[in-house]
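Let's take a walk through this protein together, starting from its empty spaces and working outward. Keep the sequence and the 3D view open side by side as you read.

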Amino acid sequence: MRRLADLRQQVDTWRGLESHLHELTELLSLAEAEGDAALAEEVERELAALAGRLDEMELSLALAGPYDRRDAILAIHAGAGGTDSQDWAQMLLRMYLRWAERRGYEAHVLDISPGEEAGIKSATVEVSGPYAYGWLKAEKGVHRLVRLSPFDAAHARHTSFALVEVLPEVEAPTEVEIRPEELRIDTFRASGHGGQHVQKNATAVRIVHLPTGITVSCQNERSLARNKEFALKVLKARLLERELQRRQEEQARLKGEHVPAEWGHQVRSYVLHPYKLVKDHRTGYETSDAEGVLDGDLDGFLRAYLKEQLGKVAS
């Protein structure tokens with residue numbers, strides 16, 4: 001019923017735009033016939049606004065995937081590069097939290113593993129909001145940072161890497177079936193932040209899915225039950241992503257295409273020295289406002305990715 005309501009709303013919107021376009025066309029013909037320059041200018045402004053709405057509607061077509069409207073599970077993993085990469089992973093975590101805040105989404109850190117000296121080794125975040133997965137799926141892949149290292153005594157230039165994973169949340173119980181005997185559940189004391197209550201009691205949860213070896217953990221809640229609930233949610237998302245990837249690889253095999261490993265597929269570079277530039281290698285979209293991007297201004301990159309995907313479907 002929700003899907004049906006969404007489709008009806010989309011149809012009504014398209015019909016409204018079509019009707020508005022017909023009205024503007026008639027007004028423009030009238031302005032030309034009567035030589036009314038003021039009316040012609042007003043119609044031009046209305047047409048510009050209509051073009052902007054059509055652009056937004058085009059993006060909505062790119063968010064029509066079967067999982068796009070769902071909430072997302074976003075995971076960040078520091079790559080090779082030691083402390084610099086762990087600091088980079090933390091910078092990315094902040095970037096996505098700020099992006100979610102800008103869009104009015106809820107972002108809940110489910111699990112975080114602090115670095116030895118600074119930054120984080122990994123973090124898992126639940127992002128809740130309309131089409132959260134549809135927008136964030138553009139972020140899958142390796143993100144590369146070039147900067148003068150604050151952790152190098154010589155202040156030399158370093159290159160750091162971090163892997164970003166984006167998974168759709170599982171909504172229907174029938175999408176992913178997990179039997180209790182397939183799970184090994186361990187509890188342990190949470191590390192890092194969380195207060196004395198979290199650190200004194202074994203509230204953190206680690207779940208291993210024995211058939212696949214997938215391991216997930218959650219330690220940011222004070223309640224053992226809540227940590228288990230969130231850990232199972234992440235596990236189901238990973239199993240769904242595993243199945244989707246299997247289907248994609250099978251389709252690629254049938255088509256004879258090579259499917260590169262995600263870790264080796266660098267999607268975006270962030271250069272802070274000797275110049276400032278953030279460039280997406282898939283779409284070619286770039287900006288010199290690196291500080292703005294790291295503060296969560298990602299919409300330009302996300303829109304460029306969605307439009308490119310829509311172009312591939314059309315072709």
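How many cavities of 30 Å³ or more does a search of the whole structure find? The search finds one. Before we look inside, please note that this is a predicted model, in which local features need pLDDT of at least 70 and side-chain atom pairs count only at pLDDT 80 or more, while totals for chains, interfaces and linings use all residues. Residues are numbered from 1 along each chain as its sequence is written, and side-chain values use heavy atoms, with hydrogens and water left out.

Now for the cavity. Rolling a probe the size of a water molecule over the atoms shows where empty space is left. Here a cavity is a set of points, on a 1 Å grid over the protein atoms alone, where a 1.4 Å probe fits but cannot get out; a pocket is an open set with protein on both sides within 12 Å along at least five of seven lines; and lining residues have an atom within 4 Å of a point. Grid points are joined across faces, edges and corners, and a volume is the space filled by probe spheres set on the points. The largest cavity has a volume of about 40 Å³. Around it you will find Leu-74, Tyr-96, Leu-97, Trp-99, Ala-107, Val-125, Val-127 and Leu-136. By class, that makes eight nonpolar, no polar and no charged residues (Ala, Val, Leu, Ile, Met, Phe, Trp, Tyr, Cys and Pro count as nonpolar, Asp, Glu, Lys and Arg as charged, and the others, Gly among them, as polar). Helix H3 (83-103) and strand E3 each supply at least two residues of this lining, and H3 gives the most, with three residues.

Two of those lining residues, Ala-107 and Val-127, also lead us into the sheet. Helices (H or I, at least four residues) and strands (E, at least two) are DSSP runs, numbered from the N terminus, and the protein has eight helices and 11 strands. Strands of a sheet pair through backbone hydrogen bonds, either parallel or antiparallel; two strands pair if DSSP finds at least two bridges between them. Eight strands form an open sheet with mixed pairing, in the order E2-E3-E1-E5-E4-E9-E10-E11. Its edges are strand E2 (106-114) and strand E11 (286-287), each of which pairs on one side only. E2 runs antiparallel to strand E3 (residues 120-128) over eight bridges, and Ala-107 has Val-127 of E3 as its bridge partner.

Further along the sheet sits E9. Five of its six residues are buried, so E9 is largely enclosed by the rest of the structure (buried means under 20% relative accessible area, exposed over 50%, partly exposed in between, with a 1.4 Å probe and protein chains only). On one pairing, E4 and E9 are parallel over five bridges, with Leu-145 matched to Tyr-270 in E9. On another, four bridges join E9 to E10 in the antiparallel sense, and Ser-269 is matched to Lys-279 in E10. A hairpin of five residues joins E9 to E10. Pro-274 lies in the loop between strand E9 (266-271) and strand E10 (277-280), and a cis peptide bond, with omega about 10°, joins His-273 and Pro-274.

Next, try the second largest pocket, which holds about 540 Å³ of space. Of the 22 residues that line this pocket, the closest to its centre are Gln-10, Leu-59, Ser-60, Leu-63 and Tyr-131. Its lining has 10 nonpolar, five polar and seven charged residues, and helix H1 (2-34) and helix H2 (37-62) each supply at least two.

Tyr-131 deserves a second look: its phi is near 65°, a positive value in a residue other than glycine. Tyr-131 lies in the loop between E3 and H4 and counts as partly exposed because its relative accessibility is 22%. After helix H4 (132-136), in the loop before strand E4 (141-148), comes Lys-137. Is Lys-137 buried or exposed? Lys-137 counts as buried because its relative accessibility is 17%. Leaving aside neighbours within four places in sequence, Lys-137 is in contact (heavy atoms within 4.5 Å) with Ala-62, Asp-68, Val-166, Tyr-305 and Leu-306.

Finally, step back to the whole protein. Buried residues make up 39% of its 315 residues, and the C-alpha trace spans about 80 × 55 × 50 Å along its principal axes.
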